[in-house]
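Thanks for asking me to look this one over. Below are some notes on points I would look at with the model open on screen.

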Amino acid sequence: MNDGKEELDDLREAVREFLAAKSPETAVRAALENGHDPAVWDQMARQLQLPGLALPGDYGGDGFGLTELEVVLEEMGAALLCSPFFGTVVLAAQALLASADEAACKRYLPGIAAGETIATLAVAESSGSWDPARIATRAERTADGWALTGKKSFVIDGSIAGLVLVVAQAPAGPALFATRGGAPGLRAEPMATLDPTRPLAALTFDQVPGELIGAGGEGGQLLSQVLDVACVALAAEQAGGARRCLEMSAEYARTRFQFGRAIGTFQAIKHKCADMLARVELAEAAAREAARLADEAAAEFPVAAVTAHICSSQAYMFAAAESIQVHGGIGFTWEHPAHLYFRRAKASELLFGGPAVYHERLLARLGI
Amino acid sequence: MALCRTDVNAPKHKGITAFLVDMTAPGVDIRPLRQMTGGSDFNEVFLTGVRVPDDHRLGEVNAGWRVALTTLMNERATVGGERGGTVAEALTPERLAALMRATGTLDDGALRRDLSVLLADLLAAGHLNRRAVRAMRAGVTPGPERSVAKLMHAQNLTRAAHFVSEVLGPRIIADTGEWGTYAWAELLLATPALRILGGTEEVMKNILAERVLKLPKEPGIDSTSPFRELPRSGKAVS
């Protein structure tokens with residue numbers, strides 16, 4: 001099998017160049033104030049066709065796999081890109097694909113692939129849990145469809161999404177529904193967030209008209225599938241972010257002089273950086289390998305997905321925290337970007353429940 | 001293979017020559033070193049006036065450091081390689097879970113967390129190795145980042161040994177006769193060496209920092225002065 005390494009390298013290079021121009025630190029900081037830059041979202045779709053990269057050709061995409069998407073997400077994570085990409089292309093699009101509802105895929109995915117639709121997936125409620133048993137939002141039959149009532153929290157880009165996919169309890173069990181942002185009865189409020197580079201919202205549903213996606217009742221299975229892909233996608237972002245923290249630290253250690261020598265000559269600093277490198281290499285391998293296994297529909301994928309989630313969460317947190325230490329005094333200032341990575345690292349680690357959830361998930365996947 | 005100092009006036013890396021020595025030759029005195037495991041994998045070898053024919057020289061005179069490096073690289077590759085020996089093969093999720101089941105600790109929350117942390121790292125290290133093997137087959141020369149595999153391997157096995165000893169409790173300090181319990185003591189006693197063999201952890205980290213991350217070398221490490229002028233253990237600095 002041709003592993004297409006050169007194509008992946010070219011893709012990485014193109015995305016890296018684009019992000020160096022469009023998502024430098026100044027742009028990230030501007031997004032903290034004003035939200036994501038719609039012009040960049042537009043260019044990502046038109047020039048690089050990134051939203052459609054890993055979507056099937058039948059739905060307006062380019063038909064590549066998670067292996068290619070993983071590369072893009074590594075670079076986005078490294079640049080701390082503030083974008084509805086993750087919520088739209090990973091969460092919402094993967095939920096639609098997992099539903100196997102062809103009509104819904106035909107209706108919504110081409111808009112996502114073209115960068116015309118910003119979408120999100122609302123699962124967790126006040127507990128933050130993705131466990132279908134913990135979902136209280138209800139879906140009730142109405143004369144012409146369904147009505148959704150309840151409250152969702154931690155909804156990525158929930159304030160700006162035009163398409164909102166919601167997991168709610170229907171009479172036959174948890175199921176996926178679609179509604180649009182601004183639908184009657186739907187109220188979105190931005191949440192104050194530890195990581196302002198990824199906006200989260202609380203959505204209140206009061207008899208909001210919703211459209212059932214899929215046959216209904218298999219929401220639990222769907223969530224588990226979406227979560228696996230989302231964890232690998234997040235792991236890619238985390239590995240990329242961790243790699244950037246390491247690069248910033250190494251660069252600083254090479255150029256910052258103290259006691260008459262570059263601080264990188266001290267073994268205390270060298271060993272910190274080497275420890276970071278070890279965690280980063282491990283996280284990258286775990287994320288890339290999980291993506292590859294997903295594309296091969298390998299039986300090992302579910303275990304590999306959780307492994308990537310755990311290793312990348314640990315690596316990013318470790319690298320972001322150690323990076324501040326290597327930078328010393330400047331490292332904990334507002335003006336230095338280290339805290340932006342620290343915030344993203346912590347928020348990513350806990351986005352889907354964190355260590356309390358993912359360790360037991362790994363053991364469950366291994367039958368332990 | 002013996003590395004011998006052949007030019008004390010050259011810098012330390014440049015005055016070494018490698019020879020093949022017949023271990024039965026007169027003047028070769030072999031004294032086994034006993035390790036903390038009780039086993040003897042190493043020896044002290046004393047060479048006193050041993051005659052070595054020139055065709056037993058490996059490489060050029062004073063070019064022995066390259067021979068040594070190649071040997072070391074291979075040693076590192078073995079330590080961090082895909083197969084970690086019989087002990088590493090026993091560290092499967094199934095075996096570890098069975099051990100917890102047998103000792104009634106499968107529901108212990110703290111041990112479950114430790115197990116998951118350990119397994120995630122073992123699985124990821126497996127992925128790292130698989131990707132390296134695939135890259136090598138595709139013709140990519142392995143770089144110094146391969147040292148990461150060695151570091152992780154030693155650390156993972158060390159953590160595994162301590163995890164297993166916590167699961168076993170007193171059964172690892174004295175043999176109850178129960179199969180598959182006291183035998184783990186062997187892993188426990190073997191792991192400290194793993195962090196030293198083939199380059200100590202500290203040296204490996206220096207290599208990663210300097211070769212991969214391009215951090216500057218520590219000043220005062222002298223690789224240019226003649227060997228005879230270098231300060232050495234047991235020899236006063238003049």
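1. A good place to begin is strand S7 of chain A, where A:Phe205 has A:Gly150 standing opposite. Please keep in mind throughout that this is a predicted model. The Gly150 and Phe205 pair of chain A belongs with the pairing of strand S3 (residues 145–156) and strand S7 (residues 200–213) of chain A, which run antiparallel and are joined by 8 bridges.

2. S7(A) has further partners to follow. Strand S6 (residues 186–190) of chain A pairs with S7(A) over 5 bridges, again in the antiparallel sense. To find the register here, look for A:Pro190, which stands opposite A:Ala201 of S7(A). Strand S5 (residues 173–180) of chain A also runs antiparallel to S7(A), with 3 bridges between them. In that pairing A:Leu176 faces A:Ile213 as its opposite residue in S7(A).

3. Those last two residues lead nicely to a cavity. Which residues line the second largest cavity? A:Leu176 and A:Ile213 are among them, together with A:Ser99, A:Ala175, A:Gly214, A:Glu218, A:Gly219 and A:Leu222. The elements giving two or more residues to this lining are S5 and helix H7 (219–255) of chain A. Its volume is about 30 Å³, and by class the lining has 4 nonpolar, 3 polar and 1 charged residues.

4. How many cavities of 30 Å³ or more does the structure hold? There are 2, and the largest has a volume of about 90 Å³. Its lining is made up of A:Met76, A:Leu81, A:Ser83, A:Phe85, A:Phe86, A:Thr197, A:Arg198, A:Pro199, A:Glu237 and A:Arg344. Sorted by class, that gives 5 nonpolar, 2 polar and 3 charged residues.

5. Turning to charged pairs, I would start with the contact between A:Asp275 and B:Lys205, a salt bridge whose closest N and O atoms are 2.9 Å apart. B:Lys205 sits in helix H7 (residues 201–212) of chain B and A:Asp275 in helix H8 (residues 267–295) of chain A, so this pair joins two chains. Is the lysine buried or exposed? B:Lys205 counts as buried because its relative accessibility is 11%, under the 20% cut-off. A:Asp275, at 23%, counts as partly exposed.

6. Another pair worth a look lies within chain A. A:Lys346 and A:Glu349 form a salt bridge, with 2.7 Å between the closest N and O atoms. Both residues belong to helix H10 (residues 338–351) of chain A; they are 3 residues apart, which means a separation of about one helical turn. A:Glu349 is buried at 9% relative accessibility, whereas A:Lys346 is partly exposed at 27%.

7. In chain B, please also check B:Asp54 and B:Arg57, whose side chains meet in a salt bridge at 3.0 Å, N to O. B:Arg57 has a relative accessibility of 24% and counts as partly exposed.

8. Finally, some charged residues of chain A go beyond simple pairs. A network of salt bridges links A:Arg12, A:Arg16, A:Glu74, A:Glu75, A:Arg243, A:Glu281, A:Glu284 and A:Arg288. Over all chains, the structure holds 40 salt bridges. As general background, side chains of opposite charge can pair when their charged atoms come close.

Definitions and conventions: Residues are numbered from 1 along each chain as its sequence is written. Chains are lettered from A and ligands numbered from 1 in the order in which they are written. This is a predicted model: local features need pLDDT of at least 70, side-chain atom pairs count only at pLDDT 80 or more; totals for chains, interfaces and linings use all residues. Side-chain values use heavy atoms; hydrogens and water are left out. A salt bridge is a side-chain nitrogen of Lys or Arg within 4 Å of a carboxyl oxygen of Asp or Glu. Helices (H or I, at least four residues) and strands (E, at least two) are DSSP runs, numbered from the N terminus. Buried means under 20% relative accessible area, exposed over 50%, partly exposed in between (1.4 Å probe, protein chains only). Two strands pair if DSSP finds at least two bridges between them. On a 1 Å grid over the protein atoms alone, a cavity is a set of points where a 1.4 Å probe fits but cannot get out, and a pocket is an open set with protein on both sides within 12 Å along at least five of seven lines; lining residues have an atom within 4 Å of a point. Grid points are joined across faces, edges and corners, and a volume is the space filled by probe spheres set on the points. Ala, Val, Leu, Ile, Met, Phe, Trp, Tyr, Cys and Pro count as nonpolar, Asp, Glu, Lys and Arg as charged, and the others, Gly among them, as polar.
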